[in-house]
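Please look over the sequence and the structure shown below, and keep both in view while reading. The paragraphs that follow start from a single residue and work outwards.

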Amino acid sequence: MSSKYKRIMLKLSGEALAGPQGYGIDFEVASRIAKEIKELVDMGIEVGAVVGGGNIWRGRNGNGMDRTTADYMGMLATCINAMALQDSLESIGVMTRVQTAIEMKEVAEPYIRRRAMRHLEKGRVVIFAAGTGNPYFSTDTTAALRAAEIEADVILLAKKVDGVYDKDPHKYDDAKKFDELTYIQVLEKGLQVMDSTATSLCMDNNIPIIVFSLDEPGNIKKAAMGEKIGTIVSKV
């Protein structure tokens, strides 16, 4: 069985790691995600990953707090999640590296593009933490930026919903799901796929985005294999 993609960028929300409790880290969920990533690695697919930090802290949580300070706290939260995912992967024999945009050499490597590319070529999963290292940029933008830098073939955007809808399917029973969208449609309709900066980056670099539900076991592999699940956002 061959994959449609050679190198992927997997974007996981922090909330995905929280599981049903909605906060903190659910290690059963982390373990399940790690096993699904291992399947890809065993198939020879090169995997980069970006994990959000919303299960621990979001910049906008800091009501009344300086926005830059709040955003830096969010970046540190992504590092905690990255280390948890690293531990889950390494416990089942997957070689990993965490690279951070904010230097913390005692626990992770600094982000160096050439080093990241070399790790991927050697079959290691590279987890990119601390966002871009800049406030006012989301982890969606980090995923788009790192995907472009490492020349990923696709971004697999694992969410709590099974695709892109015209409105929140958790609130509206008549929400319509899209099977395919163009980058321009996402931007014009203001759809909540990724933020506009991330979407524009993907459009400029022609990186397709597959949005799918992480709650369904096996979906990461299905998306990597090119099966029709969720919503695909591309040029045409």
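**From one leucine to the sheet and its helices**

Leaving aside its neighbours within four places in sequence, leucine 10 is in contact (heavy atoms within 4.5 Å) with Ile37, Gly48, Ala49, Val50, Leu156, Ala158, Phe212 and Ile220. The model is a predicted one, in which local features need pLDDT of at least 70 and side-chain atom pairs count only at pLDDT 80 or more, while totals for chains, interfaces and linings use all residues. Residues are numbered from 1 along each chain as its sequence is written, and side-chain values use heavy atoms, with hydrogens and water left out.

Leu10 is also among the residues with the most contacts inside the largest nonpolar core, which has 40 residues, and it shares that standing with Ile33, Ile37, Ile127, Leu156 and Phe212. A nonpolar core here is a set of buried Ala, Val, Leu, Ile, Met, Phe, Trp, Tyr and Cys residues joined through side-chain atoms within 4.5 Å, where buried means under 20% relative accessible area, exposed over 50% and partly exposed in between, with a 1.4 Å probe and protein chains only. Helix α2 (residues 27-42) gives the most to this core, with 7 residues. Apart from that core lies another, of 29 residues, among them Met117, Ala147, Ile155 and Cys202.

Turning to the strands, an open sheet of 9 strands, with mixed pairing, follows the order β4-β3-β5-β2-β1-β6-β10-β11-β9; two strands pair if DSSP finds at least two bridges between them, and helices (H or I, at least four residues) and strands (E, at least two) are DSSP runs, numbered from the N terminus. Strand β1 (residues 7-12) and strand β6 (residues 154-159) run parallel and are joined by 5 bridges, with methionine 9 standing opposite isoleucine 155 in β6.

Helix α5 (residues 139-149) packs on this sheet, where it touches β1, β2 (46-51), β5 (125-129) and β6. Its direction makes about 175° with that of β1, angles running from 0 to 180 degrees between N-to-C directions, and axes being lines fitted to C-alpha atoms, for helices over the stretch in contact. Because 8 of the 11 residues of α5 are buried, this helix is largely enclosed by the rest of the structure, and what covers those buried residues includes α3 (67-90) and α7.

Helix α7 (residues 196-205) packs against α5 at an angle of about 20°, with their axes 8 Å apart. In this packing Asp140, Thr141, Ala144, Leu145 and Ala148 of α5 meet Thr197, Ala198, Leu201, Cys202 and Asn205 of α7.
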